[in-house]
Structure formats: structure tokens, C-alpha cells
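The exercises below can be worked with the sequence and the model side by side. Try each task before reading its solution.

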Amino acid sequence: PLPVLAVVGRPNVGKSTLVNRILGRREAVVEDRPGVTRDRVTYEAEWAGRRFKVVDTGGWEQDVLGIQASVAAQAEFAIETADAVILVVDATVGATDDDEAVVKLLRRAGKPVVLCANKVDGFSMEAEATYLWSLGLGEPHPVSALHGRGTGDMLDAVLAVM
Ligand code: GDP
Ligand code: MG
């Protein structure tokens, strides 16, 4: 079976945009509509000659359960099912309590986690990403999922631990 990469994080940080970028085509639903089928969506992806599954988490749960419970459910899923996890954080906002809550859960998982500092659309934004060292997950990878900036380097880091 292919290794499974879960993309987790609080709503609106750019998880689906990142998954689209990883897939190289527009397929993940960027504006999640409520509905069970939007809960988790699994796609097959390939990077540097390696195939894997990528799971876009989040969706209806945030409406039904609230953000905290939603990210907890995502993290739980990642803990149980994934071989590696990308935690997406919005670098323009910085680390929030909700981000910290996911980190706590992920720590317990013992699965490899790569930290994606998303929405770093240009070089001048890279300093913002360095604040995310505070999450204790190691190097924050500055990425613009929207423009594709930094995603290749981040995926290299993911494959190195998956
Ligand atoms: P999700 O809820 O975590 O899946 O987030 P989405 O992928 O749906 O994105 C939420 C919003 O953030 C959308 O308006 C995206 O266009 C925007 N977004 C995602 N990635 C980036 C990025 O790298 N830079 C900027 N400026 N906006 C982004
Ligand atoms: Mg989404």
C-alpha cells in the first residue's frame, strides 16, 4: 500500500490549496461545503518519482463540532492512519491557541510532522515564518500554496521522513 500523508490544520490556513498544489491540478475542494463526503478526501499524488496518498482533512466538522473539536478529529485521524503529517499554519496570523492544540495532539502521535508556514507569498514574508519555531516542531517551511513558492522544498522534507 502507498504511504499516507495527512494535511491537517485549522480552517482557512490553506490545506486544500496545498493539496491542489501537491496534486498539480485543481481537485481538492478549496471552499469546503458542509457535507460528510467533504470530511476527508484522499488523492493519489507523486513527487520526485514516489507515489503516495494525500489526505485533505477538515470540512463539515468545523461547523458541526467547532474548530477545537474539528482539529482534534483531524489530528486523531492523522495519528491513526497517516505515515506522515503536514501541519499547515497561516504565517500571516502566527501560531494561535488552535494551532497549539493540534501540536499537542500530534506530539502524542509520534508520527513525523513537517511544519508548513503557509501564505508566505514573497521573500519579505519569510521573517514571519520564523516565529513558528515556537511551536516546537522544528523548522517551519515557508510556503505559498497559492503560488507554489517553497512547496517543492517542503515536499522533499516530507519524503525524507515518510
Ligand atoms: P483550508 O480551509 O485550510 O482548506 O483553506 P483553503 O485552501 O480553502 O484556503 C483558504 C483561503 O486561503 C482561500 O481564500 C485561499 O485562496 C487562501 N490561501 C491558501 N493558500 C494561500 C497562500 O499561500 N497565500 C495566500 N495569500 N492565500 C492563500
Ligand atoms: Mg479545505
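**Exercise 1.** Which residue follows α1, and what is the sign of its phi?

*Solution.* Start where α1 ends. The residue after the helix is Gly24. Its phi is positive, near 75 degrees.

**Exercise 2.** Decide how far the model can be trusted, and where.

*Solution.* Step one: this is a predicted model, and the predictor gives the complex an ipTM of 0.99 and a pTM of 0.89.
Step two: the protein has a mean pLDDT of 84, with 81% of its residues at 70 or more.
Step three: compare the elements. Confidence is highest in strand β6 (residues 140-142), with a mean of 98, and lowest in helix α2 (residues 61-65), with a mean of 55.
Step four: look for weak stretches. Over residues 31-38 the pLDDT stays under 50, and the model has twelve contacts beyond four places in sequence for them. Where pLDDT is low, the predicted coordinates should not be read in detail.

**Exercise 3.** List the order of the elements along the chain.

*Solution.* Count first: there are six helices and six strands. Read from the N terminus, they run β-α-β-β-α-α-β-α-β-α-β-α. Then check how far apart the contacting residues are in sequence: among contacts with a separation of 6 or more, 69% join residues 24 or more positions apart.

**Exercise 4.** Is α1 largely enclosed or largely open to the outside?

*Solution.* Go through the helix residue by residue. Lys15, Ser16, Thr17, Leu18, Val19, Asn20, Arg21 and Ile22 are buried. That makes eight of the nine residues of α1, so the helix is largely enclosed by the rest of the structure. Next, find the cover: β1, β2, β3, β4, β5 and α6 are among the elements that provide it.

**Exercise 5.** Describe the surroundings of ligand 1.

*Solution.* Seventeen is the starting count: of the 17 residues around the ligand, Gly14, Lys15, Ser16, Thr17 and Leu146 come nearest. Sorted by class, the shell has five nonpolar, eight polar and four charged residues. Helix α1 (residues 15-23) gives the most to this shell, with three residues.

**Exercise 6.** Find the largest nonpolar core and the elements that build it.

*Solution.* The core has 37 residues, and Val85, Leu87 and Cys116 have the most contacts inside it. At least two residues each come from β1, α1, β3, β4, α4, β5 and α6. Of these, β4 gives the most, with six. Now follow one residue outward. Beyond four places in sequence, Cys116 is in contact with Leu18, Ile86, Leu87, Val88, Val89, His141, Val143 and Met154.

**Exercise 7.** Why do the buried residues of α6 lie on the same side of the helix?

*Solution.* The buried residues are Met154, Leu155 and Val158. They cover an arc of only 100 degrees around the axis, which puts them on the same side of α6. Asp153 and Ala160, on the other side, are exposed. The cover over the buried residues includes β1, α1, β2, β4, β5 and β6.

**Exercise 8.** Is Ala45 buried, partly exposed or exposed?

*Solution.* Locate the residue: Ala45 is in strand β2. It has 17 other C-beta atoms within 10 Å. A buried residue needs 20 or more, and an exposed one has 12 or fewer, so Ala45 is partly exposed. Leaving aside neighbours within four places in sequence, its contacts are Ile22, Leu23, Phe52 and Val54. The C-alpha atoms of Ala45 and Ile22 are separated by 7.0 Å, although the two are 23 residues apart along the chain.

Definitions and conventions:
Residues are numbered from 1 along each chain as its sequence is written. Chains are lettered from A and ligands numbered from 1 in the order in which they are written. This is a predicted model: local features need pLDDT of at least 70, side-chain atom pairs count only at pLDDT 80 or more; totals for chains, interfaces and linings use all residues. A residue is near a molecule or strand if its C-beta atom, placed from the backbone, lies within 6 Å of it. Helices (H or I, at least four residues) and strands (E, at least two) are DSSP runs, numbered from the N terminus. Ala, Val, Leu, Ile, Met, Phe, Trp, Tyr, Cys and Pro count as nonpolar, Asp, Glu, Lys and Arg as charged, and the others, Gly among them, as polar. pLDDT is the predictor's confidence in each residue, from 0 to 100. Two residues are in contact if their C-beta atoms, placed from the backbone, lie within 7 Å. A nonpolar core is a set of buried Ala, Val, Leu, Ile, Met, Phe, Trp, Tyr and Cys residues joined through C-beta atoms within 7 Å. The arc is that of the directions from the helix axis to the C-beta atoms.
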